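This briefing introduces a structure to a reader who has not met it before. Please keep the sequence and the model in view while reading the points that follow.

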Amino acid sequence: MDRNTALGEFLRSRRARITPRQAGLCDDGGSRRVPGLRREEVAQLAGMSVDYYVRMERGRHLNVSETVLDALSRALRLDPVERTHLFQLAKPAAGRPRHTATRPQPVRPGLRDLLRILGHTPALVLGRRLDVLASNQMARALLTDFDALPHRERNLVRFMFCDGTARSLYTHWDIHARDIVASLRRDAGRHPHDPLLAELVGELSVADGDFRRWWADQNVHRHTHGSKHFHHPMTRSPCSWRAETRMSTW
């Protein structure tokens, strides 16, 4: 996942969703070849040269300053999660990439004890790529028995798109599936050199049209809490699960 290419794709997707009127620009009412803002309009709003902005979108390697990124964030009306994603794409952590992606992600004994204590509440421990590192009995009964799956398949994104029961299990599957893809996109910005993540995205892009379309949307999402509703085969009526999520940094 080349970060310069990813930066250009993200910028194009963000300007495509903003109309000149929303950006406070005069709309001449004529036909526009592209949805949303033109490159020169983004450059105008951000107070930078058109040539410099075009080079950013084309994936040219640039040492972009924080001042420029702040200006782009305002011009493109990025929310805090999108702004952080932009900075991670444009200014990755210094130093060489750490080759830790393929190492097992450990779960502290205290977390495993907590899963057992939450006996009547479905609970998961998620790691990078939304890998399911641990789950309690209620979570396995509600979703699937992740412990019975091969390690490679213990992943919440794979479950959403590859398990035949997921689409009927979630009352609003499309909403939650889009959020899952956006969470994975955020993870890709934080860990651009993760070969397992690239493999996962490639496989799902080939296998599922919904995933492929939503991945191309370039949306990013940081899930912290919310409610999920299910049509579970063991219940006679829809059930609700309040999801309180805390993501660890791996």
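## Charged pairs and a surface patch

At 38% relative accessibility, Arg 167 ranks as partly exposed, since that value falls between the 20% limit for buried and the 50% limit for exposed. The model in which this residue is seen is a predicted one. Arg 167 takes part in a salt bridge with Asp 210, and the structure holds 20 salt bridges. The points below describe several of these pairs and then turn to a nonpolar patch on the surface.

**Pairs between distant parts of the chain**

- In the salt bridge of Arg 167 and Asp 210, the closest N and O atoms are 3.0 Å apart.
- This pair links distant parts of the chain, for Arg 167 belongs to helix α9 (residues 166–169) and Asp 210 to helix α12 (residues 209–216), 43 residues apart.
- Arg 158 forms a salt bridge with Glu 203, and here the closest N and O atoms lie 3.0 Å apart.
- Distant parts of the chain are again linked: Arg 158 sits in helix α8 (residues 156–162), while Glu 203 sits in helix α11 (residues 195–207), 45 residues apart.
- Arg 158 is buried, its relative accessible area being 12%, whereas Glu 203 is partly exposed at 30%.

**A pair within one helix**

- Asp 187 and Arg 190 form a salt bridge whose closest N and O atoms are 3.5 Å apart.
- Both residues lie in helix α10 (residues 173–190), and because they are 3 residues apart there, about one helical turn separates them.
- Asp 187 counts as buried because its relative accessible area is 8%, under the 20% limit.
- Arg 190, with a relative accessible area of 23%, is partly exposed.

**A network of salt bridges**

- Arg 128, Arg 129, Asp 131 and Asp 194 are joined into one network by salt bridges that share partners.
- In general, side chains of opposite charge can pair when their charged atoms come close.

**A nonpolar surface patch**

- Leu 114, Ile 117 and Leu 118 make up a nonpolar patch on the surface, and together they have about 280 Å² of accessible area.
- Ile 117 is part of helix α6 (residues 109–117).
- The relative accessible area of Ile 117 is 66%, so this residue counts as exposed, the cut-off being over 50%.

Key: Residues are numbered from 1 along each chain as its sequence is written. This is a predicted model: local features need pLDDT of at least 70, side-chain atom pairs count only at pLDDT 80 or more; totals for chains, interfaces and linings use all residues. Side-chain values use heavy atoms; hydrogens and water are left out. A salt bridge is a side-chain nitrogen of Lys or Arg within 4 Å of a carboxyl oxygen of Asp or Glu. Helices (H or I, at least four residues) and strands (E, at least two) are DSSP runs, numbered from the N terminus. Buried means under 20% relative accessible area, exposed over 50%, partly exposed in between (1.4 Å probe, protein chains only). Patches are made of residues with over 30% relative accessible area and no salt bridge: like charges are joined within 9 Å, nonpolar side chains (Val, Leu, Ile, Met, Phe, Trp, Tyr) within 5 Å. Accessible areas come from the Shrake-Rupley method with a 1.4 Å probe; for residues, only the protein chains shown count as cover.
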